[in-house]
Amino acid sequence: MIPRPRSVPEVVQIHGGPGPDIGDVEAILDLVARVEQTQWLRDADGFCALLGPQALWTTAFGRRIDGWSAIRDFTRAVLPTVLRDFQAFYEAERITFLGEGIAAVNVRQVPVDAEGNRRQDDEEGRPLYILGRYEGSWKIVMAQNTTYQSEKIATQQWVVNKMTSGQEDRHD
């Protein structure tokens, strides 16, 4: 692992009551750091220890994997093989506390080489983790690992801007 400073995420609370506990924020940041660490170490079992028992994982390609055992089997198969040359830095960008013991975490996944240099040819990931508190620990109960597709996002934004600007398309 490459030691590096971590940014401070935006922290939001949806439900009423007292603000988020700093201990919960720190525990969630630690969980995201442990996801990164297990990926770097190709530690499928360590990664799966971060999941809740009925976890649901959707890969960046849209494959949904239901349940801890299925996620473990998938991770054991792809982490040391298909993903053997993939490294990434994981940054929690936003933590949203949705209710008592449940939080959503927007993560930025930056692909890097073994020395920590940005891999320019690889798109970033934008995982969303839904966490639940189990016996005092935060666990991933649902995750969607989405590839950040900058060109498609720019095209989509161009269309939105055009549609909301009040201008009609004059091309035939």
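How many bridges join β1 to β4? In this predicted model, in which local features need pLDDT of at least 70, side-chain atom pairs count only at pLDDT 80 or more, and totals for chains, interfaces and linings use all residues, 4 bridges join the two strands, which run parallel. Residues are numbered from 1 along each chain as its sequence is written, and side-chain values use heavy atoms, with hydrogens and water left out.

The strands (DSSP runs of E, at least two residues, numbered from the N terminus, as helices are for H or I runs of at least four) form an open sheet of 7 with mixed pairing, in the order β1-β4-β5-β6-β7-β2-β3, where pairing requires at least two DSSP bridges between two strands. Its edge strands, each paired on one side only, are β1 (10-13) and β3 (64-66), and the twist averages 25° from one strand to the next, with axes fitted as lines to C-alpha atoms (for helices over the stretch in contact) and angles running from 0 to 180 degrees between N-to-C directions. Helix α1 (residues 22-41) packs on this sheet, touching β1, β4, β5 (102-112), β6 (128-134) and β7 (137-144), and its direction makes about 150° with that of β4; contact means heavy atoms within 4.5 Å. Helix α3 (residues 68-78), by comparison, lies across β2 (51-58) and β3, running at about 60° to β2.

Within the sheet, E10 stands opposite R94 in β4, and L98 also has its place in strand β4 (residues 87-99). L98 counts as partly exposed because its relative accessibility is 38%, the class between buried (under 20%) and exposed (over 50%), with a 1.4 Å probe and protein chains only.
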